[in-house]
Amino acid sequence: MFDVNYFIRNNERKGTVYHEFYKGKWDEVTFWKDDSLLLHDDLMFKTEGFSEAIIKVIPTYDSCGITEVSVEDWKKIGDEIKHKDECSRELYEELDGWLQEVFMEYDCFTILGL
């Protein structure tokens with residue numbers, strides 16, 4: 001496991017104001033999976049550069065919707081994040097540590113918005 005500063009697991013969740021980072025393609029049914037990572041909306045707002053990088057690569061990204069992110073998209077987001085604030089870069093690096101294992105099994109992940 002890796003160190004987490006921004007993300008939590010489902011068993012640590014308090015309420016529903018979280019963006020869920022779901023392994024693989026969303027099954028269109030399940031929310032709050034125990035193997036997902038969750039990011040509180042306040043942290044998503046604080047790390048504005050992170051969502052800016054996502055939007056630059058995936059213009060259809062909707063923080064209240066469902067966004068599938070391919071391995072290729074994630075690499076492009078990484079290129080964009082280099083020019084963003086330190087907190088956004090840290091958040092990206094933390095998520096990237098988790099995604100390296102995810103990408104061994106899946107060719108994408110899904111962000112389930114608020």
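I'll start with one side chain. Leaving aside neighbours within four places in sequence, Phe-50 is in contact with Phe-21, Met-44, Trp-74, Ile-81, Ser-88, Leu-91, Tyr-92 and Leu-95. Bear in mind that this is a predicted model.

Where does Phe-50 sit in the wider picture? The largest nonpolar core has 26 residues, and the members that touch the most others are Phe-21, Phe-50, Trp-74 and Leu-95. At least two core residues come from each of E3, helix H2 (48-57), helix H3 (71-81), H4 and E5. H4 gives the largest share, with seven residues.

Now the sheet. Five strands make an open sheet, ordered E1-E3-E2-E5-E4, with antiparallel pairing. Strand E1 (7-8) and strand E4 (66-70) are at the edges; each has a single partner strand, so one side of each has no neighbour in the sheet. Helix H4, residues 86-105, packs on this sheet and touches E1, strand E2 (18-23), strand E3 (37-40) and E5. The direction of H4 makes about 30 degrees with that of E2.

Back to the edge strand E4. Five bridges join E4 to strand E5, residues 108-112, and the two run antiparallel. Within E4 and E5, Thr-67 stands opposite Ile-111.

Last, the cysteines. How many disulfides does the structure hold? Zero. As for exposure, Cys-108 counts as buried because its relative accessibility is 5%, and the cut-off for buried is under 20%. Cys-87 has a relative accessible area of 24%, so Cys-87 is partly exposed.

That's what I have; I'll take questions.

Methods
Residues numbered from 1 in each chain as written. Predicted model: local features only at pLDDT ≥ 70, side-chain atom pairs only at ≥ 80, totals over all residues. Heavy atoms only, no water. Pairing = 2+ DSSP bridges. Helix = DSSP H or I, 4+ residues; strand = E, 2+ residues; numbered from the N terminus. Contact = heavy atoms within 4.5 Å. Axes fitted to C-alpha atoms, helices over the stretch in contact; angles between N-to-C directions. Core = buried A, V, L, I, M, F, W, Y, C linked by side-chain atoms within 4.5 Å. Buried < 20%, exposed > 50% of the residue type's maximum accessible area, 1.4 Å probe, protein only. Disulfide = S-S within 2.5 Å.
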